[in-house]
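The following report describes the secondary-structure packing, the sheet topology and the aromatic contacts of one protein model. It is to be read alongside the sequence and coordinates.

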Amino acid sequence: MARSKTSKHWLKEHFNDQYVKQSQEDGYRSRASYKLLELHKKDKLIRRGMTVIDLGAAPGGWSQVAAELVGDEGMVIASDILPMDMLAGVDFVQGDFTEDAVLEEILRVVDRRPVDLVISDMAPNMSGMADIDQPRAMGLVELAFDLAHQVLSPEGAFVAKVFQGEGSDTLMRDMRKYYNSFVSRKPESSRARSREIYWVGKGFKGL
């Protein structure tokens, strides 16, 4: 089947993308790795020995970065509905983390260690219709937020991808009260035309 003009344009843009090329040179699984690296540089998110949960992890770009930064003393637990190839230093749990059995498996792997950071680069499959896509995207943020609040230790941190649009301002107001610091970031490695931003909450106060 012939590719559409839109898909051809996307492929050309993708393969000409400096971060795609850089990820291939650096051995990262996706260009998304650089977004987490930028967020970490700005907000000092990850330290050696930390326990990190990565939601919507496949293909593993964020998990790679997190595993490098926490070192052998730390732990990274990744989860996604999609399969993900094994990564050194990463425990992977496949399935929908909103289901009890999957959440219980994540908690089993954590094994009562204090969770220092929950990160989520999740996005819904886009239909191109804002009335459908935006509520789905905000729903994923809320689900990640709910899990973070179940597992984060005091003073822990939370990072999530958000698409600016209906509902995002209200949710941000609701979420920021649970953290000592709550900011919005747009990494340089995020495509300029994308509505995606990243919320970074630090100093979790508890519920």
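## Helix α4 and its surroundings

S63 is located in helix α4, which spans residues 61–70. The model under discussion is a predicted one. With a relative accessibility of 0%, S63 falls under the 20% limit and is therefore classed as buried. Beyond its neighbours within four places in sequence, S63 is in contact with D54, A57, V76, A78, M84, L87 and V90. One of these partners, A78, stands opposite F92 in β3.

The burial of S63 is shared by much of the helix: eight of the ten residues of α4 are buried. The buried set consists of G61, W62, S63, Q64, V65, A66, A67 and V70. Just after α4, G71 adopts a positive phi of about 70°.

## The sheet

Which order do the strands of the open sheet follow? The seven strands are arranged as β3-β2-β1-β4-β5-β7-β6, and their pairing is mixed. Strands β3 (90–94) and β6 (179–185) occupy the edges; each has a single partner strand, so one side of each lacks a neighbour in the sheet. From one strand to the next, the twist averages 15°.

At the β3 edge, strand β2 (residues 75–80) pairs with β3 in the parallel sense over five bridges. Antiparallel pairing is found around β7: seven bridges join β5 to β7, and six bridges join β6 to β7. Within these pairings, F163 stands opposite E196 in β7, while S184 stands opposite W199 in β7. Strand β7 has eight buried residues out of nine and is therefore largely enclosed by the rest of the structure.

## Helices against the sheet and against each other

Two helices that lie across the sheet can be described by the strands they cover. Helix α3 (residues 33–43) lies across β4 (115–120), β5 (152–163), β6 and β7 (196–204), and runs at about 40° to β7. Helix α6 lies across β1 (51–55), β4, β5, β6 and β7, and its direction makes an angle of about 170° with β5.

Packing between helices calls for two parameters, the angle between the axes and the distance between the axes. For helix α6 (residues 130–151) and helix α7 (residues 168–176), the angle is about 10° and the axes are 11 Å apart. Since angles under 35 degrees count as roughly parallel, α6 and α7 are therefore roughly parallel to each other. On the α6 side the contact is made by Q134, M138, V141, E142 and F145, and on the α7 side by S168, L171 and M175. By class, this contact of α6 with α7 comprises five nonpolar, two polar and one charged residues.

Ahead of α6, N125 lies in the loop between β4 and α6. At 70% relative accessibility, N125 counts as exposed. Apart from residues up to four places away in sequence, N125 touches D133 and R136. The C-alpha atoms of N125 and A137 are separated by 9.1 Å, with the two residues twelve places apart along the chain.

## Aromatic pairs

The whole structure contains seven aromatic pairs. Two of them are set out below.

| Pair | Centre-to-centre distance | Angle between planes | Class |
|---|---|---|---|
| W62 and Y198 | 5.7 Å | 40° | tilted |
| Y179 and F204 | 5.5 Å | 45° | tilted |

The pair of W62 and Y198 links distant parts of the chain, with W62 in helix α4 and Y198 in strand β7, 136 residues apart. Are these two residues buried or exposed? W62 counts as buried at 3% relative accessibility, and Y198 counts as buried at 0%.

The pair of Y179 and F204 also connects distant parts of the chain: Y179 belongs to strand β6 and F204 to strand β7, 25 residues apart. Y179 is buried, with a relative accessible area of 3%, and F204 is buried, with a relative accessible area of 4%. Ring pairs further link Y179, F182, W199 and F204 into a cluster. In this cluster, W199 is the β7 residue that S184 stands opposite.

Note on methods: Residues numbered from 1 in each chain as written. Predicted model: local features only at pLDDT ≥ 70, side-chain atom pairs only at ≥ 80, totals over all residues. Heavy atoms only, no water. Axes fitted to C-alpha atoms, helices over the stretch in contact; angles between N-to-C directions. Helix = DSSP H or I, 4+ residues; strand = E, 2+ residues; numbered from the N terminus. Parallel < 35°, antiparallel > 145°, perpendicular 65-115°, else oblique. Contact = heavy atoms within 4.5 Å. Nonpolar A, V, L, I, M, F, W, Y, C, P; charged D, E, K, R; others polar. Pairing = 2+ DSSP bridges. Buried < 20%, exposed > 50% of the residue type's maximum accessible area, 1.4 Å probe, protein only. Phe/Tyr/Trp six-rings, centres within 6.5 Å; stacked < 30°, edge-to-face > 60°.
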